[in-house]
Amino acid sequence: MATLPTPRYFSYGPFAKKVPLELHKLNRQRLCEKLRQLPEVPEGAIVVLKGGQTQLRHSTDHEVYFRQESYMHWLFGVLEPDCWGALEVDTGNSILFMPDLPADYAVWMGTIHPPEHFKQKYDVDEVHFTKENHVKIVTELKKKNASTLLLLRGLNTDSGNVTESADFNGIKQFERDYDRLFHIITELRVIKTDMELEVMRYATQISCDAHKKVMREIKPLMTQYQAESIFEHSCFFDGGCKIMGYDCIGATGSDCATLHYGHAGNPNDGLIKDGDMCLFDMGCEYYCYGADVTCSFPVNGVFTNDQKVIYEAVLAANRAVMANTKAGVNWVDNHRLAERVILTHLREFGMVKGDVDDMMRAHLGAIFFPHGLGHFIGLDTHDVGGYPPGVERPTEPGLESLRTARVLKANMVVTIEPGCYFIDTLMDRALASEEQRDFIDVATFERFRKFGGVRIEDDVVVRETDCELLSVVPRTVNEIQTFMGQKK
């Protein structure tokens, strides 16, 4: 009887999830199939990607911990820096070019492995070593009679940065196409495969378990960074998730009104006070696939009436959007739905008054909810593909911050993260606006000036008729109070 080949996996140690390398083989197959359908792509075309490069901190010799460039990871799953990848479109033949390391690398960094090691490690067809002059890359591409090199160049609509396309000594000897690859591979990244979804389920589960650990261990007079450290320790210790998907936001009290708190100027260094609301926006990544989850709750585990009102307004918006999320829904409509639900709850509370439709026309929702409803997530926290050709960015207040305005498709993964905040600048703007101030009960509005804010963020997989919730944590007021009441 023939022996079946042993499946190959990535795993961060014996206790972390095993990820089949078939994930990347399928991605390569998907890409080749799409490219073959384009009449502009000639026979003999080869995709060439440049992987992430070794980075040093400023002028020092301190090497920044490496994380692979996302397109390179999607196609090859390579962990090491300074690599190049090539894919023959006609045959699907996969090639890695690894750096030809100096002999003393073995002294400082460990074993120098032969090409066969990497061929087995990454389940590719060919591996070659290349020096900085890239002669080997040129030689191999010529051997394969490359008709055209398909190179990655395109705009990231979140950062405004352009992808770094492959550029090596001798590349001008080949025909080069910078127009075809980017939009094809980006759209493939937007629609996740089942194997990709399994990795994302794991990263989200580990993140949610860490959030619950924070909820259990937090107490007044801790610092925000101590709460952050509980989260990060749990992700790494329990899940093998060494890298966070983004800088953790560990806001409490009035700091919760700073949307991207936790940066170098506000590094989660505040003291947590009894009665504070917490807004912890934290998510880890595993094998470069990330999670993005926000939990808001009172540090002492008991909501005041004001906290409960704002929290339940945001939760209602979150759940209304989730119930409406499925293939065929326009994301802009979901954002408007969230705004409408929040304004309706604030009117019932007495903070705003008048007709909600009129409030919507006056863009009052953007005063309380100034950011976009959510974003794609995958190999990057703000994942690619939000504004492909033909999709225009809205310009209205609130909507202008949306990271996508697309119609949803099955197997997209998006965050649903409505919020309600009391930001001094926006509060002053509303009170100074003839169009908006008449909707506001000023006394109630002003009473919340130092409240901070609430955000509730979940990760969901879009399906044909509904969506799958990935992030399972205590969400209702009762669930949170019961869970936090079980502290040791």
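Let's start at helix H5, where the cover over the buried residues includes strand E3 (45-50), strand E4 (84-88), strand E5 (94-99), strand E6 (126-130) and strand E7 (148-151). This is a predicted model, by the way, so read everything below as a description of a prediction. The helix itself spans residues 135-143, and the residues tucked away in it are Ile137, Val138, Glu140 and Leu141. Notice that a glutamate, Glu140, sits on that buried list alongside Ile137, Val138 and Leu141. Just past the end of H5 you'll find Asn145, with a positive phi of about 55°.

Now step back and take in the whole chain. It holds 15 helices and 19 strands. Its radius of gyration comes to 25 Å, close to the 23 Å that the globule rule gives for 488 residues, so the chain is as compact as a globular protein of that length. Laid along the principal axes, the C-alpha atoms fill a box of roughly 75 × 55 × 50 Å. Of the 488 residues, 52% are buried. Sequence-distant contacts feature heavily too: take the contacts between residues at least 6 apart in sequence, and 73% of them join residues at least 24 apart.

What about the outside? The chain exposes about 21900 Å², and carbon and sulfur atoms supply 50% of that area. As for charge, there are 53 positive and 70 negative side chains, yet the centres of the two sets lie just 2 Å apart.

Next, head for strand E14, residues 293-298. Six of its six residues are buried, so this strand is largely enclosed by the rest of the structure. Look at which way the residues point: Val293, Cys295 and Phe297 go one way, Thr294, Ser296 and Pro298 go the other, and all of them are buried. Its partner here is strand E11 (residues 277-282), which runs antiparallel to E14 and is joined to it by six bridges. To find your place in that pairing, pick out Cys278, whose bridge partner in E14 is Phe297. Phe297 is also one of the residues that share a direction with Val293 and Cys295.

There's a smaller piece of strand architecture to visit as well. Three strands form an open sheet in the order E9-E12-E13, with antiparallel pairing. Strand E9 (243-244) and strand E13 (289-290) are the edges, each pairing on one side only. Between E12 (residues 284-286) and E13 there are two bridges, and in E13 the bridge partner of Glu285 is Gly290.

Finally, have a look at two loop residues. Which is the place of Thr325? You'll find it in the loop between helix H9 (305-324) and helix H10 (331-349). At 0% relative accessibility, Thr325 counts as buried. Setting aside neighbours within four places in sequence, Thr325 is in contact with Trp331, Asn334, Leu408, Ile416, Val460, Val462, Asp466 and Cys467. Leu408 makes a nice landmark: along the chain it is 83 residues from Thr325, while the two C-alpha atoms are separated by 8.0 Å.

The other loop residue, Gln436, lies between helix H13 (424-432) and helix H14 (442-447). Its relative accessibility is 8%, and since buried means under 20%, Gln436 counts as buried. Not counting residues up to four places away in sequence, Gln436 touches Ala362, His363, Leu364, Ile367, Arg429 and Ala430. Of these, Arg429 and Ala430 fall within the range given for H13.

Conventions: Residues are numbered from 1 along each chain as its sequence is written. This is a predicted model: local features need pLDDT of at least 70, side-chain atom pairs count only at pLDDT 80 or more; totals for chains, interfaces and linings use all residues. Side-chain values use heavy atoms; hydrogens and water are left out. Buried means under 20% relative accessible area, exposed over 50%, partly exposed in between (1.4 Å probe, protein chains only). Helices (H or I, at least four residues) and strands (E, at least two) are DSSP runs, numbered from the N terminus. Two strands pair if DSSP finds at least two bridges between them. The radius of gyration is taken over C-alpha atoms; the globule rule is 2.2 Å times the number of residues to the power 0.38. Contact means heavy atoms within 4.5 Å. Accessible areas come from the Shrake-Rupley method with a 1.4 Å probe; for residues, only the protein chains shown count as cover. Lys and Arg count as positive and Asp and Glu as negative; His and the chain ends are not counted. The place of a charge is taken as NZ of Lys, CZ of Arg, CG of Asp or CD of Glu.
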